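This report looks at how a ligand is held by a protein chain and at how the strands of that chain are arranged. The sequence and the structure are shown first.

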Amino acid sequence: MEQKESMSRRDALKTMGVIVATAALSTTGLSAFAAPEKKDKSKKRLLFYFTATGNSLFVARELAGETGQLLSIPQIIKDERLDFEADEIGFIFPDYAASAPMMVREFVSKAHFKAQYIFSVITFGNFAANVAEWWNDFCKEKGLQQNYINTLLMVDNYLPVFDMNEQIKIDKKIPENLAAIAGDVNMHKQFIAHFDQMDDRMQGFLKRLQDNHFPMEAERLLRLNTETCIVCGTCAAVCPHGNFRMTDTHAEFSGSCEYCLACVHACPQKALTLERERNPQARFRNENISLRDIKEANHQK
Ligand SMILES: Cc1cc2nc3c(=O)[nH]c(=O)nc-3n(C[C@H](O)[C@H](O)[C@H](O)COP(=O)(O)O)c2cc1C
């Protein structure tokens with residue numbers, strides 16, 4: 001029992017026998033895999049997203065097409081009125097420990113949504129487990145009925161376990177899988193992804209992960225090399241919690257942290273690190289998303 005509680009994600013992945021096949025460099029972009037049904041441009045589609053390294057923003061953009069409206073959860077959550085109405089409403093965010101970032105949970109708990117079709121796409125890097133069913137239950141509890149929840153395998157940005165240089169070489173079939181999801185959504189398919197490898201041990205393990213997830217204090221999680229920090233302010237601009245301040249000599253951070261790793265991945269000096277990392281020299285950002293995009297998505301006033 002004790003052992004299970006302290007099981008790391010790496011151990012869990014091993015236990016669950018998850019095999020990642022390495023293959024050619026992945027290509028992204030939907031153009032080569034046109035969605036079976038096109039988005040109906042007359043329908044108002046709102047897409048709420050959370051992103052640290054751009055995977056979820058890329059997916060949200062692809063699903064928005066020319067007419068959908070993108071709304072950053074770390075920014076819109078600060079609005080006084082959180083009532084949204086559209087024909088279609090979507091939520092796009094990364095899987096954190098088989099569940100959702102705390103800010104995404106908070107947003108759905110506070111806001112009200114009205115739409116004919118409500119869907120979610122959860123990006124993940126290696127093992128999604130029952131995240132779709134967990135999210136469905138979570139939303140139901142908050143009075144939000146989802147019509148469609150699917151997961152999309154992308155680069156895993158979790159630095160304690162994965163080497164980004166290895167991750168980006170794996171062909172995760174992103175364009176094909178994203179095109180299929182876009183087609184489902186355009187056709188208003190009713191679907192909640194199902195995890196069929198659940199046994200008691202797995203259920204206990206996942207529940208503990210989902211219940212005990214972040215946030216934690218930034219001071220405990222992050223390390224800064226003050227010698228190499230050039231006070232460029234990138235960390236401050238990409239942090240969805242606004243946890244950073246610049247002094248004359250280096251960045252300072254404190255506050256509730258999602259552990260999203262946006263700051264660590266974006267630091268141009270690699271001055272921000274974690275206590276334990278697979279490869280402190282390797283960092284990631286989705287190849288279709290610029291640093292400026294991440295700053296625009298996450299900066300706090
Ligand atoms: C704190 C944290 C926890 C994560 N947990 C999982 C997980 O349980 N399963 C998984 O497959 N990927 C996990 N990931 C990987 C991300 O879900 C994945 O890389 C995602 O596409 C990142 O999206 P973004 O680029 O929009 O931030 C985790 C990443 C972080 C930072």
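What follows describes the surroundings of the ligand and then the sheet, as they appear in a predicted model.

**The ligand and its shell**

The ligand is surrounded by 24 residues, and the closest of these are Thr51, Thr53, Ser56, Asp95 and Val155. Sorted by class, the residues of the shell comprise 12 nonpolar, 9 polar and 3 charged ones. Backbone atoms of the protein also approach oxygen atoms of the ligand, and the table lists three such pairs.

| Residue (polar backbone atom) | Partner | Distance |
|---|---|---|
| Asn55 (N or O) | ligand oxygen atom | 2.8 Å |
| Phe127 | ligand oxygen atom | 2.8 Å |
| Val155 | ligand oxygen atom | 2.7 Å |

Taken alone, the ligand would expose 650 Å², of which the protein buries 98%. Two or more residues of the shell come from each of helix H3 (55-64) and strand S6 (117-124), which are the elements that contribute to this extent.

**The sheet**

Strand S6 also belongs to an open sheet of 6 strands, which are ordered S2-S1-S4-S6-S7-S8 and pair in the parallel sense. Strand S2 (69-72) and strand S8 (191-192) stand at the edges of this sheet, and because each has a single partner strand, one side of each is left without a neighbour in the sheet. At the S8 edge, strand S7 (residues 148-153) is joined to S8 by 2 bridges in the parallel sense, and Tyr148 has Phe191, in S8, as its bridge partner.

Note on methods
Residues numbered from 1 in each chain as written. Predicted model: local features only at pLDDT ≥ 70, side-chain atom pairs only at ≥ 80, totals over all residues. Heavy atoms only, no water. Near = heavy atom within 4 Å. Polar contact = N/O pair within 3.5 Å; in protein donor to acceptor, adjacent residues only side chain to side chain. Areas by Shrake-Rupley, 256 points an atom, 1.4 Å probe, with all protein chains shown as cover. Helix = DSSP H or I, 4+ residues; strand = E, 2+ residues; numbered from the N terminus. Nonpolar A, V, L, I, M, F, W, Y, C, P; charged D, E, K, R; others polar. Pairing = 2+ DSSP bridges.
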